[in-house]
Amino acid sequence: MRVEPEPILEPRVDGLLSDVLAEPERLSAMVEALGSPLNVVVPERMAANAEHYRDVYRRHRLSGRTYFAHKANRSSAFIRCLVAGQCGVDVASLGELRHVLAAGFPGDRIMATGPKDAEFLWLAAQVGAVVNADSSEELEELAGIAARFGTAPVRVMIRLSGFDSAGVPILSRPSRFGVHARELDATLDLLDKYRDTLRLLGVSYHLDTTGVEEKALALEGCLLAMHRALTRGFAPTAIDIGGGFGVNYLADREQWERYTTELGSAVLGRRPAMTWQNHGYGLHAEAGTVRGTLGVYPAYREIVGARYLDELLSWKSSSLGRSLATLLLENLYDLYIEPGRGLTDQCGLTLARVVEVRTTHAGDTLVRVAANSRDISAESHAVLMDPVLLPERPGVATGVYLTGNLCLEDDFITRRRVTLPRTPVPGDLLAFVNTAGYFMDFAADHALMQPTARTAAVFRDAGGWSWCLDEQYWPGKGSRS
Ligand SMILES: Cc1ncc(COP(=O)(O)O)c(C=O)c1O
């Protein structure tokens, strides 16, 4: 069998993150002091990303607000940076709500989403947050809480899911969240009953899909739902279209195309395995053909983030005859968005120290790092991208498996064999770029009593960049001199 050179998946890296990576000795000293793994976040970049979304609003002459989906990252620096700007924040737990209140977020810039228990609803109502309700049961419970504690009427949104398409059928996948669009009337009946305690601000959706068409259908469904609410005597003013605008993780389209093609060949046994035990990421061989669906995030994508929002807003509704942006504008509706991943693009990296390099009986090179697959959970979110090996030194490219510090067979940082520019040695660092959205601390825990990462915030200053502990960051850092 002819051995092809190993395909690589270089991460896209720019801005302050590139400057940070250019100083490996400093990073090494940080890891020495704060331990491995170490999260590094770039709060200023999040503010810049938010501006790109604002530009799209301006282009379409729309009003409204961006709510950062806090679940994407636990960093306090991010939240403090956002408090100082115009964004709101979407919190999906009591813990997140407390966190943003402690960082100084005013209640009226907070949106409560996701599954909610009574304590979460109570605090949200107390501070005047918008409650993005998931069900009629939740609205009933909230109305009860508001009446019992005499809070001001709570602004609520009805999260909708399951939208019907007129004409050509478009898949609207079922969701465990939200009220089916066909149950809208029953939900409005409920809100009618609780007019003293709940005030309908509008309707919403969040879809876990990259498909613009499916989202356009949902937004059309929301426009129709708003119309229905108006005819029922409510005065809703906003539509919240959730998050899911996406990120482009990779530097090079060809690398991505080549990787996915060769993965298929490896599954068929036409080239050496590219993954641990020839794991196929959803693909398998059946009678000489590749079957199944590649179950990974499209790591190389051109239309992401603010561009994706632009594309959605420019989408012409076939049933309503105009672009979605025009329809929002004509009705003077506010547009709310809740990007998580999209706002954290290029906002962080995770550093892990190489602890051991060994060769197995079968000839595989295993590189063990002082971190595990919960600290860097890109693999479980199915995002395939290579780490950066630091420091840069001359050497021969080599394919290695990256293993973690848990005593578990499946604790691989990634099941892919990763091609590094040289064989690492203990003490080197691996930098996993763009971990800030979900991969950095979403799943991190103390399994086996291993430490979880500390987080350092980096910011520009007169000398290039400096850092402080995440909890010590405030938006004026670096600009005092
Ligand atoms: C209700 C809601 N809003 C926003 C988001 C953020 O999505 P993303 O990070 O893909 O932008 C999520 C993610 O799960 C969500 O559940």
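Which ligand atom is 3.5 Å from an N or O atom in the side chain of Lys71? Select the ligand and Lys71 together: the atom is an oxygen.

The model is predicted, so local features need pLDDT of at least 70 and side-chain atom pairs count only at pLDDT 80 or more, while totals for chains, interfaces and linings use all residues. Residues are numbered from 1 along each chain as its sequence is written, and side-chain values use heavy atoms, with hydrogens and water left out.

**Stop 1: the ligand**

Keep the ligand selected and add Glu338, where a side-chain N or O atom is 2.5 Å from a ligand nitrogen. Then add Tyr438, with a side-chain N or O atom 2.4 Å from a ligand oxygen. Taken alone, the ligand exposes 400 Å², and the protein buries 83% of that (accessible areas by the Shrake-Rupley method with a 1.4 Å probe; for residues, only the protein chains shown count as cover). Widen the selection to the residues around the ligand, among them Ala69, Asp90, Arg159, His206 and Arg341 (a residue is near a molecule if one of its heavy atoms lies within 4 Å of it).

The space taken by the ligand is the largest pocket. On a 1 Å grid over the protein atoms alone, a pocket is an open set of points where a 1.4 Å probe fits, with protein on both sides within 12 Å along at least five of seven lines. A molecule sits in a pocket if more than half of its atoms lie within 2 Å of its grid points.

**Stop 2: a salt-bridge network**

Next select Arg228 and Asp185, whose side chains form a salt bridge with an N to O distance of 3.0 Å (a side-chain nitrogen of Lys or Arg within 4 Å of a carboxyl oxygen of Asp or Glu). Arg228 is in helix α9 (residues 212-231) and Asp185 in helix α8 (residues 184-193), so the pair ties together parts 43 residues apart in sequence. Helices (H or I, at least four residues) and strands (E, at least two) are DSSP runs numbered from the N terminus.

Add Asp189 and Arg232, a salt bridge with its closest N and O atoms 2.6 Å apart. Asp189 is in helix α8 and Arg232 in the loop between α9 and β9 (238-240), 43 residues apart. Salt bridges that share partners join Asp185, Asp189, Asp192, Arg195, Arg228 and Arg232 into one network. The whole structure has 29 salt bridges.

**Stop 3: a pair within one helix**

Select Asp55 and Arg58, a salt bridge with its closest N and O atoms 2.8 Å apart. Both residues lie in helix α3 (residues 43-59), three residues apart, about one turn of the helix. Asp55 is partly exposed at 31% relative accessible area, and Arg58 is partly exposed at 48% (buried is under 20%, exposed over 50%, partly exposed in between; 1.4 Å probe, protein chains only).

**Stop 4: backbone exceptions**

Most residues other than glycine have a negative phi, and most peptide bonds are trans. Select Arg61, in the loop between α3 and β2 (64-69): its phi is positive, about 55 degrees, and the residue is exposed at 62%. Ala287, in the loop between β10 (283-286) and β11 (289-292), has a positive phi near 45 degrees and is exposed at 88%.

For cis peptide bonds, go to Ser36 and Pro37, with omega about 5 degrees, then to Leu390 and Pro391, with omega about -5 degrees. Pro37 is in the loop between α2 and β1 (38-41).

Conventions:
Polar contact = N/O pair within 3.5 Å; in protein donor to acceptor, adjacent residues only side chain to side chain. 1 Å grid on protein atoms, 1.4 Å probe; cavity = no way out; pocket = protein on both sides within 12 Å on 5 of 7 lines; lining within 4 Å.
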